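The following exercises ask the reader to work through a protein model step by step. Each task is followed by its solution.

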Amino acid sequence: MIRQINKILITLVLIVGIIILYLSYFGIKTDKFNDIIKKEAINLNSRINLDLKNINILLNPLNFTLNFSTENPKILLDSNQIKLEYVNTNISIKSLINKEFSIDDLKISFKKAKLKNIILLARSFKDSTEFFLLDKIIKKGFLTGEIQLNFDNNGKIIDDYLLEGAVEKVRLSLLNDNNLENLEFLFKIKKKNYQLTKVKTNFNKIKLSSPKIKIKDKKNIFYIEGKILTKENNINVNDLKRLFRNDIRDLNLEKINFSSNSNFSFNISKHLKIKDLKIESQVDLKKLYLKNNQINLKSYFPVS
């Protein structure tokens, strides 16, 4: 009798072990948990909804969680739709049983999405002056990337979030009729620290590039520093006037041919007011094209 009981117990342990191994390595695909995931999403943000396909579930027996992942889902925000590559999250089994907030972390990978829609999504979680201004100056552009979020027991986002990816074909409308066209760069964003690399753009038809730009959030201002490079090309002075205004209006110039290497830093308020601007430049001037073969330098070298 005891031998039979032992056999039954061993058999049960083996079956449970096989099930745990199978769920840990292969998982199961189902749509049974779609409503739970959608409910958790609504708990995070009542303005969003999810369009989900089958969900793949893996068991993590070490920390007693379930890993949920789905491919090609969609975020529905008001009348806008954002297509995703995948969504991955870990849910605490204990919290799920107790009907508490159960998401431990969330990883979202964006397909090529409209930048305006991404900003709208960010504003739906936390509206701010920065997002409002970005929404105003960004006219078009696309983003691909991944965001990683961790949550506390109350469902609040922990400050160790990470957002990284790339933007392309961005057009910005800035102050004084200045424009950035075809802006593209890689980005990595952590709390109060933003890093842009491989930056390329056309500023008022002038081609610019930068290997790296760093941005630090310091309470009510942003500190920005980096390097700007310009390759040798002919630049129409009219394209510079909107930037420099009175500085070049009396020089009687028509075109400039130069290349440059500039290090810069400045503080900018959340209302886009620039202070403490510093620029150190090395300029290789090739040619100056004058309108009447004359140049007025009185304002720059006044006679005593």
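Helices and strands are DSSP runs, a helix having at least four residues and a strand at least two, and they are numbered from the N terminus. The model used here is predicted.

**Exercise 1. Describe the chain as a whole.**

Solution. Step 1: the secondary structure consists of six helices and 15 strands. Step 2: of the 304 residues in the chain, 34% are buried. A residue is called buried when its relative accessible area is under 20% and exposed when it is over 50%, with partly exposed in between. Step 3: the area exposed by the chain is about 20,300 Å², of which carbon and sulfur atoms supply 54%. Step 4: if contacts between residues at least 6 apart in sequence are taken, 51% of them join residues at least 24 apart.

**Exercise 2. Determine which elements and residue classes line the largest cavity.**

Solution. Step 1: one cavity of 30 Å³ or more is counted. The largest cavity has a volume of about 50 Å³. Step 2: its lining is formed by Ile37, Leu52, Ile55, Phe68, Ser69, Thr70, Val87 and Thr89. Step 3: assign these residues to elements. Strand S4 (65-71) and strand S6 (80-92) each supply at least two residues of the lining, and S4 gives the most, with three. Step 4: sort the lining by class. Five residues are nonpolar, three are polar and none is charged.

**Exercise 3. Explain why the buried residues of helix H2 can be said to line one face.**

Solution. Step 1: H2 comprises residues 34-44, and its buried residues are Asn34, Ile37, Glu40 and Ala41. Step 2: viewed down the axis of H2, these buried residues fall within an arc of 130°, and therefore they line one face of the helix. Step 3: consider the face turned away from the buried side of H2, which carries the exposed residues Asp35 and Lys39. Step 4: link this result to Exercise 2, where Ile37 was listed in the lining of the largest cavity.

**Exercise 4. Characterise the surroundings of Ile228 and of Lys212.**

Solution. Step 1: Ile228 is found in strand S13 (residues 221-236). Its relative accessible area is 23%, so Ile228 is partly exposed. Step 2: setting aside residues up to four places away in sequence, Ile228 touches Leu208, Ser209, Ser210, Ser260, Asn261, Ser262 and Phe264. Ser210 is 18 residues from Ile228 along the chain, and their C-alpha atoms are separated by 4.8 Å. Step 3: Lys212 lies in strand S12 (residues 206-218). With 37% relative accessibility, Lys212 is also partly exposed. Step 4: beyond its neighbours within four places in sequence, Lys212 is in contact with Gln195, Leu196, Thr197, Glu225, Gly226 and Lys227.

**Exercise 5. Identify what is notable in the backbone of Asn72 and Asp276, and state where each residue lies.**

Solution. Step 1: recall the general rule that most residues other than glycine have a negative phi. Step 2: Asn72 is not a glycine, yet it has a positive phi of about 55°. Asp276 likewise has a positive phi, near 55°. Step 3: locate the two residues. Asn72 lies in the loop between S4 and strand S5 (74-77), whereas Asp276 is in strand S15 (residues 274-290). Step 4: compare their accessibility with the cut-offs. Asn72, at 39% relative accessibility, counts as partly exposed; Asp276, at 54%, counts as exposed.

Notes. Residues are numbered from 1 along each chain as its sequence is written. This is a predicted model: local features need pLDDT of at least 70, side-chain atom pairs count only at pLDDT 80 or more; totals for chains, interfaces and linings use all residues. Side-chain values use heavy atoms; hydrogens and water are left out. On a 1 Å grid over the protein atoms alone, a cavity is a set of points where a 1.4 Å probe fits but cannot get out, and a pocket is an open set with protein on both sides within 12 Å along at least five of seven lines; lining residues have an atom within 4 Å of a point. Grid points are joined across faces, edges and corners, and a volume is the space filled by probe spheres set on the points. Ala, Val, Leu, Ile, Met, Phe, Trp, Tyr, Cys and Pro count as nonpolar, Asp, Glu, Lys and Arg as charged, and the others, Gly among them, as polar. Buried means under 20% relative accessible area, exposed over 50%, partly exposed in between (1.4 Å probe, protein chains only). Contact means heavy atoms within 4.5 Å. Accessible areas come from the Shrake-Rupley method with a 1.4 Å probe; for residues, only the protein chains shown count as cover. The arc is that of the directions from the helix axis to the C-beta atoms.
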